[in-house]
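Here is a short report on one protein chain. Please look at the sequence and the 3D structure before reading on.

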Amino acid sequence: MKQGHRSLEELQAELPKFHRFKTAIPCTDELKERVLRFALEEWKEAKDVDISTVDGVKVTYPNTSWFLVRASGTEPALRCYSESRNLEEAHKLLDIVTELARKAIVEAR
């Protein structure tokens with residue numbers, strides 16, 4: 001098989017495309033831990049997902065899409081992230097995680 005040189009753009013075009021979004025939600029430092037515990041309780045019963053608590057609470061779906069809520073180490077805020085190969089799904093997951101994080105803040109008060 002002949003080995004050819006390809007440009008960075010050609011190599012990059014072969015990689016899967018991912019859409020990632022993030023936002024921050026104001027949350028006092030005193031509430032952060034309680035909010036993350038509440039979020040874990042809300043999501044731990046979800047079916048067909050993997051849950052990680054390494055850096056916040058991360059929910060990963062079988063199609064590799066995921067969302068994460070974690071406490072900011074530099075501000076009184078929660079950081080929410082989502083990622084998916086599908087643009088609409090990435091937006092939807094960010095909406096889900098921010099809504100649940102806001103609910104968790106209210107419940108933790």
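The report goes from the overall fold to the surface, and then to a few single residues.

**Fold and dimensions**

The structure is a predicted model. Its chain contains 3 helices and 5 strands. From the start of the sequence to its end, these elements follow the order α-β-α-β-β-β-β-α. The radius of gyration is 17 Å, whereas the globule rule gives 13 Å for 109 residues; the chain is therefore more spread out than a compact globule. Along the principal axes, the C-alpha atoms occupy a box of roughly 65 × 35 × 25 Å.

How many of the contacts between residues at least 6 apart in sequence join residues at least 24 apart? The share is 55%.

**Surface and charge**

Of the 109 residues in the chain, 34% are buried. The exposed area of the chain is about 7,600 Å², and carbon and sulfur atoms supply 52% of that area. The chain carries 18 positive and 19 negative charges. The mean position of the positive charges and that of the negative charges lie 2 Å apart.

**Cysteines**

How many disulfides does a search of the whole structure find? The search finds 0. Cys27 is in no disulfide, and the nearest cysteine sulfur to its own belongs to Cys80, 9.9 Å away. Cys80 is likewise in no disulfide, with the sulfur of Cys27 as the nearest cysteine sulfur at 9.9 Å. A disulfide requires two cysteine sulfur atoms within 2.5 Å, so a pair at 9.9 Å does not count as one.

Are these two cysteines buried or exposed? Cys27 is buried, at 5% relative accessibility. Cys80 is also buried, with a relative accessible area of 0%. Buried here means under 20% relative accessible area.

**A loop residue**

Where is Glu45 placed? Glu45 sits in the loop between helix H2 (29-43) and strand E2 (50-52). Its relative accessibility is 53%, so Glu45 counts as exposed, a class that begins over 50%. Glu45 and Ser7 are 38 residues apart along the chain, and their C-alpha atoms are separated by 46 Å.

**Accessibility of the residues discussed**

The table lists the three residues with their values.

| Residue | Relative accessibility | Class |
|---|---|---|
| Cys27 | 5% | buried |
| Cys80 | 0% | buried |
| Glu45 | 53% | exposed |

Note on methods. Residues are numbered from 1 along each chain as its sequence is written. This is a predicted model: local features need pLDDT of at least 70, side-chain atom pairs count only at pLDDT 80 or more; totals for chains, interfaces and linings use all residues. Side-chain values use heavy atoms; hydrogens and water are left out. Helices (H or I, at least four residues) and strands (E, at least two) are DSSP runs, numbered from the N terminus. The radius of gyration is taken over C-alpha atoms; the globule rule is 2.2 Å times the number of residues to the power 0.38. Buried means under 20% relative accessible area, exposed over 50%, partly exposed in between (1.4 Å probe, protein chains only). Contact means heavy atoms within 4.5 Å. Accessible areas come from the Shrake-Rupley method with a 1.4 Å probe; for residues, only the protein chains shown count as cover. Lys and Arg count as positive and Asp and Glu as negative; His and the chain ends are not counted. The place of a charge is taken as NZ of Lys, CZ of Arg, CG of Asp or CD of Glu.
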